[in-house]
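Biologist: I am new to this structure and would be grateful for a close look at its salt bridges. Please explain where the paired side chains sit, and then place them within their wider surroundings.

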Amino acid sequence: MSPLPRHRPHQLSLGPLEAEILAIIWAKGGATVKAIHDHILADPDRELTQASVTTVLQRLAKKGWLKREATPAGKTRQVYQWQPTVSQREANLLTAHQQLQSFLAVGSPDIVAAFADSLDGADLDKLDAIAARLRALRHTQDSQSEEKDA
């Protein structure tokens, strides 16, 4: 089972353009403002300035999703390459964790039971598999803890 990543963005919620730009960066493994801008403008129905792309990138960096790295581009110029701080897989884990925590925060057994009652057999099989993996993981952790204490 994959643990949650050590680095977590400060704010998980993303606007539509933020999510689109982050997806472009993940697909490219990092990108410049120009590369992102060109990618978006490849759709003839889109209009967006490079300044708008830069603003969104800065917002994503402030939220903790991106970091900026300077690379030389000639004798006197630098180009900034934007890199993700978490992978797309890690972002999916963090989002799922946040959604689960929000669901559990409801705290009402009646609501949770009503939700569970609406699940079909395949969903219940998935929940059983998750519970089995959790038990195995906790058993392994307990065994390691006991070995350290001994």
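**The salt bridges and their setting**

Modeller: In this predicted model, a salt bridge joins the side chains of Arg 59 and Glu 18, with 3.7 Å from N to O. Its two members come from distant parts of the chain: Arg 59 belongs to helix 3 (residues 50–63), Glu 18 belongs to helix 1 (residues 16–28), and 41 residues separate them. The partners differ in their exposure. Arg 59 counts as partly exposed because its relative accessibility is 41%, a value that falls between the limits of 20% and 50%. Glu 18, by contrast, has a relative accessibility of 4% and therefore counts as buried, since buried means under 20%.

The pair also belongs to a wider arrangement, for Glu 18, Arg 59 and Lys 63 are linked in a network of salt bridges. The surroundings of Glu 18 can be described further through the backbone. The C-alpha atom of Glu 18 is separated by 7.7 Å from that of Leu 57, although the two residues are 39 residues apart along the chain.

Helix 1 takes part in another such link. Arg 46 forms a salt bridge with Glu 20, and the closest N and O atoms are 2.8 Å apart. This pair, too, links distant parts of the chain: Arg 46 lies in the loop between helix 2 (33–41) and helix 3, Glu 20 lies in helix 1, and the two are 26 residues apart. Here both partners fall into the intermediate class. Arg 46 has a relative accessible area of 28% and so is partly exposed; Glu 20, with 26%, is therefore partly exposed as well.

A further salt bridge stays within one helix. The side chains of Lys 34 and Asp 38 meet at 2.8 Å, N to O. Because Lys 34 and Asp 38 are four residues apart in helix 2, about one helical turn separates them. Lys 34 counts as partly exposed because its relative accessibility is 49%, a value under the limit of 50% above which a residue counts as exposed. Asp 38, at 38%, therefore also counts as partly exposed. The structure holds five salt bridges in total.

What follows helix 3 can now be set beside this picture. Gly 64 lies in the loop between helix 3 and strand 1. With a relative accessible area of 5%, Gly 64 is therefore buried. Strand 1 (residues 66–72) pairs with strand 2 (residues 78–84) in the antiparallel sense, over seven bridges. Within this pairing, Lys 67 has Gln 83 of strand 2 as its bridge partner. The hairpin of the two strands has five residues between them, and there Gly 74 takes a positive phi near 105°. As a general point, side chains in a regular strand alternate between the two faces of the sheet.

Helix 6 (residues 121–149) offers charged residues of another kind, and Glu 146 lies in this helix. Asp 142, Glu 146, Glu 147 and Asp 149 form a negative surface patch. Residues of such a patch have no salt bridge, so the acidic side chains here stand in contrast to Glu 18, which meets Arg 59. Glu 146 has a relative accessibility of 57% and therefore counts as exposed.

Helix 6 also contains Leu 137. Together with Leu 124, Leu 127, Ile 130 and Leu 134, Leu 137 makes a nonpolar surface patch of about 380 Å². Leu 137 is partly exposed because its relative accessible area is 33%; a patch residue needs over 30%.

Two separations relate this patch to the regions described before. The C-alpha atoms of Gly 64 and Ile 130, which are 66 residues apart along the chain, are separated by 30 Å. Those of Leu 137 and Tyr 80, 57 residues apart along the chain, are separated by 42 Å.

To return to the starting point, the salt bridge of Arg 59 and Glu 18 links helix 3 to helix 1, and Glu 18 is its buried member, with a relative accessible area of 4%.

How values were computed: Residues numbered from 1 in each chain as written. Predicted model: local features only at pLDDT ≥ 70, side-chain atom pairs only at ≥ 80, totals over all residues. Heavy atoms only, no water. Patch = residues over 30% accessible without salt bridge, like charges linked within 9 Å, V, L, I, M, F, W, Y side chains within 5 Å. Areas by Shrake-Rupley, 256 points an atom, 1.4 Å probe, with all protein chains shown as cover. Salt bridge = Lys/Arg side-chain N within 4 Å of Asp/Glu carboxyl O. Lys, Arg positive; Asp, Glu negative; His and termini not counted. Charge placed at Lys NZ, Arg CZ, Asp CG, Glu CD. Buried < 20%, exposed > 50% of the residue type's maximum accessible area, 1.4 Å probe, protein only. Pairing = 2+ DSSP bridges.
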